[in-house]
Amino acid sequence: MHLGNQTTVSEFLLLGLSSQAEQQKLLFVLFLGMYLVTVVGNGLIILAIGLDSYLHTPMYLFLANLSFADISSISTSVPKMLMNIQTKSQSISYASCITQMYFSIVFVVIDNFLLGVMACDRFVAICYPLSYTAIMQPGLCILLTVIPWVLSNTVALTHTLLLLRLRFCGDNTLSHFFCDLALLLKLSCSDTMTNELVLFIVGLSVIAFPFALILFSYVCIVRAVLRISSAEGKWKAFSTCASHLTVVWLFYGTIVGVYFFPSSTHPDDRDKIGAVLFTVVTPMMNPFIYSLRNKDMKGALRKLIYRKSFLPWMP
């Protein structure tokens, strides 16, 4: 079967994380649990922010977008993996594979950009508290929300269009639980030099630019906090950044730990570990980090859970 006369491959085979039947059952239960926790946790954050007018601020607007991106990120790969385990099928169509790859790139990239935007928001809030409202006006907040979505879709579209030029005429087996761009390039029987060059340049830029924003923001924040005379004032300033800083450490710590430190494991295993951490573990942890370390969010979630509209039987 040909797709646009570009390929002789009509489907790919996703080998998943394990081929052993006993481990498949364990993986199904484990990943189903993590998927449900992620969707419910991030969904509650979005609901709490939407229903509590006290949280209608730039910081929580960006957090709601991050939560939506996390739900979407895990939903691009885990449901298909669970379905494959349940049906004992490893196949995914060519079109579905390309679509899955596109959205997996979108949501990983947007997480990166949103963390940079949230760092800038904390920079303005702590370094220019008296001008915060004047600077972070609704128009600018909307712009800072839209730009990451536009950039992430641009990055994903670039990689997708370049991939559609390639031919797949041999092996169609992907040693992964979702359609990963790097593995698809390895399977192609066309020249992938341009794709790999773009992947390296764009990938480096996508990581480096937001990280530079985060680094600059926190250097300025630390300098501003150290000028505060009271210990209570310093603690209050740092506490507003604690949740974001924890997520940043989790996100970039994963990148460093998986891709920069030498490992004795097989490169395929390393890539799978990295993918699980990015697409499953990090989205699952974010709601806990932002709810446990943020008293405003804890209060909003408490009100949401005990709202009479959710619990009509309560007096």
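## Exercises on a salt bridge, its cavity and a surface patch

Asp-121 and Arg-122 form a salt bridge, with their closest N and O atoms 2.9 Å apart. The model you are looking at is predicted. Let's work through it together.

**Exercise 1.** Find out how many salt bridges the whole structure holds, and decide whether Asp-121 and Arg-122 are buried or exposed.

*Solution.*
- Step 1: Recall the principle. Side chains of opposite charge can pair when their charged atoms come close.
- Step 2: Apply the cut-off. A salt bridge needs a side-chain nitrogen of Lys or Arg within 4 Å of a carboxyl oxygen of Asp or Glu. For Asp-121 and Arg-122 the closest N and O atoms are 2.9 Å apart, so the pair counts.
- Step 3: Search everywhere. The whole structure yields one salt bridge.
- Step 4: Check the surroundings. Asp-121 and Arg-122 are both buried.

**Exercise 2.** Work out which residues line the largest cavity and which helix gives the largest share of that lining.

*Solution.*
- Step 1: Picture the method. Rolling a probe the size of a water molecule over the atoms shows where empty space is left.
- Step 2: Count and size. There are two cavities of 30 Å³ or more, and the largest has about 60 Å³ of space.
- Step 3: Name the lining. It consists of Met-59, Met-118, Asp-121, Arg-122, Thr-240, Ser-243, His-244, Tyr-290 and Asn-294. You will recognise Asp-121 and Arg-122 in that list.
- Step 4: Sort the lining. Three residues are nonpolar, four polar and two charged. Helix α4 provides the largest share, three residues.

**Exercise 3.** Describe the second largest pocket: which residues lie nearest its centre, and which helix gives the most to its lining?

*Solution.*
- Step 1: Start with size. The volume of this pocket is about 850 Å³.
- Step 2: Look at the centre. Of 25 lining residues, Arg-122, Lys-236, Ser-239, Thr-240 and Asp-296 lie nearest to it.
- Step 3: Compare the helices. α9 gives the most to the lining, with five residues.
- Step 4: Sort by character. The lining has 13 nonpolar, six polar and six charged residues.

**Exercise 4.** Explain why Tyr-128 counts as partly exposed, and say which patch includes it.

*Solution.*
- Step 1: Locate Tyr-128 in the loop between α4 and α5.
- Step 2: Use the cut-offs. Buried means under 20% relative accessible area and exposed over 50%. Tyr-128 has 44% relative accessibility, so it counts as partly exposed.
- Step 3: Find its partners. Tyr-128 forms a nonpolar surface patch with Ile-135, Leu-140, Leu-143, Ile-147 and Leu-151, together about 490 Å² of accessible area. Helix α6 gives the most to this patch, with four residues.

Terms used: Residues numbered from 1 in each chain as written. Predicted model: local features only at pLDDT ≥ 70, side-chain atom pairs only at ≥ 80, totals over all residues. Heavy atoms only, no water. 1 Å grid on protein atoms, 1.4 Å probe; cavity = no way out; pocket = protein on both sides within 12 Å on 5 of 7 lines; lining within 4 Å. Points joined across faces, edges and corners; volume = space filled by probe spheres on them. Helix = DSSP H or I, 4+ residues; strand = E, 2+ residues; numbered from the N terminus. Nonpolar A, V, L, I, M, F, W, Y, C, P; charged D, E, K, R; others polar. Patch = residues over 30% accessible without salt bridge, like charges linked within 9 Å, V, L, I, M, F, W, Y side chains within 5 Å. Areas by Shrake-Rupley, 256 points an atom, 1.4 Å probe, with all protein chains shown as cover. Buried < 20%, exposed > 50% of the residue type's maximum accessible area, 1.4 Å probe, protein only.
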